[in-house]
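Reader: I have a structure open and would like some help reading it. Could we go through it together?

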Amino acid sequence: MFPGFDEWDVPVAPGVALHGRSGGSGPAIVLLHGHPRTHTTWHRVAPALAATGHTVVCPDLRGYGASSKPEPDPEHVVYCDRTMAADITALMTALGHDTFAIAGHDRGCYVAYRTALDAPDRVTRLAVCDGVPILEALERADARFAERWWHWFFLGASPHAQRVITDDPLAWYRLDEAGMGTANYRNTVAAVTNPLTVRAMLEDYRAGLSVDRANDAADREAGRRIAAPTTAVWSRHDDTGRLYDPVSVWQPWCEREVRAAVIESGHHMAEEAPQQLVEVLAASLGT
């Protein structure tokens, strides 16, 4: 995977280092994975995107993959999106990039837009893939949402989630080696079979239902909006486009007109439709 890319572990906060890969040259683009994936979900995208004349940076989010898994706190701040966004800005500083474009998928989408909100002087362009702001999703939650996205509330609120998942993580996650690619599959298996990774991923969801939601509400109340040009990307055969009109949801959060792109795939677009995603990201994040 990732031919020509460097692999690294970069300290970003006291006791916390992010693991990942970067390669290429030119303006920087950060790609953030979702749950329960790691940075290797981008293995079919990152080299092709680098070939368009960009430095592509693919980290494992805090707690995911081979990145550090610090002890959780009762308020869930350790794994909230604001903390993870600070990890990303520290990572990019350490790698020598003052500014960068950023794309995030699934849980990575929340870290990406939080980075754009909290570090507007650093983020040049934003792509939000298969997601809307957490506050918007929770305010729109109805029976249909609960039926399709019940896992948000199980992972984020149930006291039984860690025990259930760690009892048989491969049965829970049902990873598809053929679709993912063997090396990506093995990397993800190594992550989800680590109980500390499961604990961290649950903390991510717990933060989403609490501190992340509160931070979104405070930003909306204060009138803070995303300054970077933003593209909303969603999979045609997944839930985001069925539950929402993503552009209309994102528009009030953005200073500029939000662009739209639909990927002909299921949820894991980087694995299922990498070439189309490369084209969309190159067009929306390219400088």
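Author: The turns below go from the overall fold to salt bridges and then to some backbone details.

Reader: What kind of model is this, and how are residues numbered?

Author: This is a predicted model, in which local features need pLDDT of at least 70 and side-chain atom pairs count only at pLDDT 80 or more, while totals for chains, interfaces and linings use all residues. Residues are numbered from 1 along each chain as its sequence is written, and side-chain values use heavy atoms, with hydrogens and water left out.

Reader: How many helices and strands are there in the protein chain?

Author: The protein chain has 16 helices and eight strands. Both are DSSP runs numbered from the N terminus, with helices being H or I of at least four residues and strands being E of at least two.

Reader: What is the radius of gyration of the protein chain?

Author: It is 17 Å, which agrees with the value near 19 Å for a compact globule of 287 residues. The radius is taken over C-alpha atoms, and the globule rule is 2.2 Å times the number of residues to the power 0.38. Along its principal axes, the C-alpha trace spans about 45 × 40 × 40 Å.

Reader: How much of the chain counts as buried?

Author: Of the 287 residues, 60% count as buried. Buried means under 20% relative accessible area, exposed means over 50%, and partly exposed lies in between (1.4 Å probe, protein chains only).

Reader: Turning to charges, how many salt bridges are there?

Author: The count comes to 18 salt bridges, each being a side-chain nitrogen of Lys or Arg within 4 Å of a carboxyl oxygen of Asp or Glu. One of them joins Arg 114 and Asp 216, at 3.1 Å from N to O. Arg 114 lies in helix α3 (residues 107-118) and Asp 216 in helix α12 (residues 211-222), so this pair ties together parts that are 102 residues apart in sequence.

Reader: Is Arg 114 buried or exposed? And which class does Asp 216 fall into?

Author: Arg 114 is buried, with a relative accessible area of 2%. Asp 216 also counts as buried, at 2% relative accessibility.

Reader: Which side chains meet Glu 136 in salt bridges?

Author: Arg 140 forms one with Glu 136, the closest N and O atoms being 2.3 Å apart. Arg 220 forms another with Glu 136, at 3.7 Å from N to O. The second pair links distant parts of the chain, with Arg 220 in helix α12 and Glu 136 in helix α4 (residues 134-139), 84 residues apart. Glu 136 is buried at 7%, whereas Arg 140 is partly exposed at 37% and Arg 220 is partly exposed at 39%.

Reader: What about Asp 106, which has no salt bridge?

Author: Asp 106 sits in the loop between β5 (100-105) and α3. It is buried, and the nearest side chain of opposite charge, Arg 107, is 5.4 Å away. Here Lys and Arg count as positive and Asp and Glu as negative, while His and the chain ends are not counted.

Reader: Next, the backbone. Where is Pro 36 found?

Author: Pro 36 is in the loop between β3 (28-32) and α1 (46-50). The peptide bond from His 35 to Pro 36 is cis, with omega near 0 degrees.

Reader: And what is phi in Phe 2 and in Arg 174?

Author: Phe 2 has a positive phi of about 55 degrees although it is not a glycine, and Phe 2 is buried at 3% relative accessibility. Arg 174 has a positive phi near 50 degrees, but Arg 174 is exposed, with a relative accessible area of 71%.
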